Amino acid sequence: MAMPITSIPSPAADQTSARQAARSLGNLLRQTPTYQAFLDLLKAVNTDPTVQQLAMQMRAHQEALQMGRDVEQHITELERVDAQVKALPIVQEYRQAEAAVRRLFQAVDEIISQEAGVAFAENARRSGCSCGS
Amino acid sequence: MDTTLQLPTALQEAASTFGQAIRAAGYVSAYLEALARCDADADAMALEQRFYDLYDELIARQQAGEALSQEQRTAFYNLRQQVQTHPNISARDEALAQLKPVLADLADEISEALEVDYTALAR
């Protein structure tokens with residue numbers, strides 16, 4: 001009588017397992033204080049009235065540049081507004097939180113890559129993606 | 001300065017489990033085999049190194065303001081063609097090209113939980 005093969009996992013089962021492991025890892029990362037601080041600051045920056053106002057000014061200068069209008073003036077203004085944004089305490093705090101998250105994710109990615117045998121994040125990147133921040 | 005980050009044990013284990021799951025699923029074995037064949041091919045490695053050296057040289061010349069001659073451009077394209085059509089190099093690159101979308105799908109699972117692109121912050 002032929003015995004059912006139960007000890008060798010099927011590729012489909014392995015793929016499901018990898019997906020589940022990815023989701024578990026994502027959930028764990030999300031729960032870390034480092035990531036929570038980053039998310040809170042991301043939301044705060046995205047809803048801060050000063051940041052919004054300066055972002056609108058930046059978009060206006062960028063649009064003018066795309067149209068080729070008063071290029072030098074708009075470049076100067078764009079640089080000025082950009083410096084203003086970067087100098088805002090909430091933005092500086094956000095940048096620090098982002099740097100901390102990067103360090104955390106890079107440390108995690110080193111472990112994944114070592115175990116998988118291939119650089120994970122580097123090769124998992126979709127072209128044209130941004131981090132959503 | 002010591003920049004080593006001490007990860008919580010649960011996170012270390014989750015990352016390790018995920019990496020092992022990727023390897024167990026056989027996603028990477030075809031690529032690793034192709035990579036090993038390529039690395040063991042001295043001709044392929046020398047050819048690829050020549051290509052990178054020429055690329056670096058031409059970029060440096062361009063950045064220094066030099067206009068590249070047609071001869072230099074042709075030499076570059078010819079060498080690139082040789083690299084791209086080398087059996088072991090192309091097999092390795094093809095295996096990696098097939099692996100990348102699989103890894104991207106798995107990274108999407110992490111990104112979905114995070115609500116940001118994991119790969120953008122982990123590199």
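Visitor: What share of the 133 residues of chain A counts as buried, and what makes a residue buried?
Guide: It's 20% of the 133 residues of chain A. A residue is buried if 20 or more other C-beta atoms, placed from the backbone, lie within 10 Å of its own (12 or fewer is exposed, in between is partly exposed). One caution: this is a predicted model, where local features need pLDDT of at least 70 and side-chain atom pairs pLDDT 80 or more, while totals for chains, interfaces and linings use all residues. Residues are numbered from 1 along each chain as its sequence is written, with chains lettered from A and ligands numbered from 1 in the order written.

Visitor: How many helices and strands does chain A have?
Guide: Six helices and zero strands, giving the pattern α-α-α-α-α-α along the sequence. Both come from DSSP runs numbered from the N terminus: H or I over at least four residues for a helix, E over at least two for a strand.

Visitor: How many residues of chain B are in contact with chain A?
Guide: 42 residues of chain B, against 45 residues of chain A. Contact means C-beta atoms, placed from the backbone, within 7 Å. On the chain B side, α1 (9-24), α2 (29-39), α5 (87-114) and α6 (118-122) each give two or more residues, and α1(B) gives the most, with 14.

Visitor: How does that side of chain B divide by class?
Guide: Into 28 nonpolar, seven polar and seven charged residues. Nonpolar covers Ala, Val, Leu, Ile, Met, Phe, Trp, Tyr, Cys and Pro; charged is Asp, Glu, Lys and Arg; the others, Gly among them, are polar.

Visitor: What makes a set of residues a nonpolar core, and which residues touch the most other members of the largest one?
Guide: The members must be buried Ala, Val, Leu, Ile, Met, Phe, Trp, Tyr or Cys, joined through C-beta atoms within 7 Å. The largest core has 47 residues, and Leu25(A), Val108(A), Phe18(B), Ile22(B) and Tyr118(B) touch the most other members. Its largest share, nine residues, comes from α5(A).

Visitor: What does Tyr118(B) touch?
Guide: Leaving out residues up to four places away in sequence, Tyr118(B) touches Phe105(A), Ala121(A), Ala107(B), Ile110(B) and Ser111(B).

Visitor: Why are α2(B) and α5(B) called roughly antiparallel?
Guide: They pack at about 160 degrees, with axes 8 Å apart. Angles over 145 degrees count as roughly antiparallel (under 35 is roughly parallel, 65 to 115 roughly perpendicular, the rest oblique), so α2(B) and α5(B) earn the name. Axes are lines fitted to C-alpha atoms over the stretch in contact, with angles from 0 to 180 degrees between N-to-C directions. Among the residues that meet are Tyr31(B) and Leu35(B) in α2(B) and Ile89(B) and Leu96(B) in α5(B).

Visitor: What makes α3(B) roughly antiparallel to α4(B)?
Guide: Helix α3 (residues 42-63) and helix α4 (residues 70-85) of chain B pack at about 150 degrees, axes 10 Å apart. That value makes α3(B) roughly antiparallel to α4(B). Phe51(B) of α3(B) and Phe76(B) of α4(B) are among the residues of this contact, which divide into seven nonpolar, two polar and three charged.

Visitor: Which hand does the crossing of α3(B) and α4(B) have?
Guide: It's left-handed: the near helix is turned anticlockwise from the far one by less than a right angle (clockwise would be right-handed). α2(B) also passes α5(B) in a left-handed crossing.

Methods. Two residues are in contact if their C-beta atoms, placed from the backbone, lie within 7 Å.
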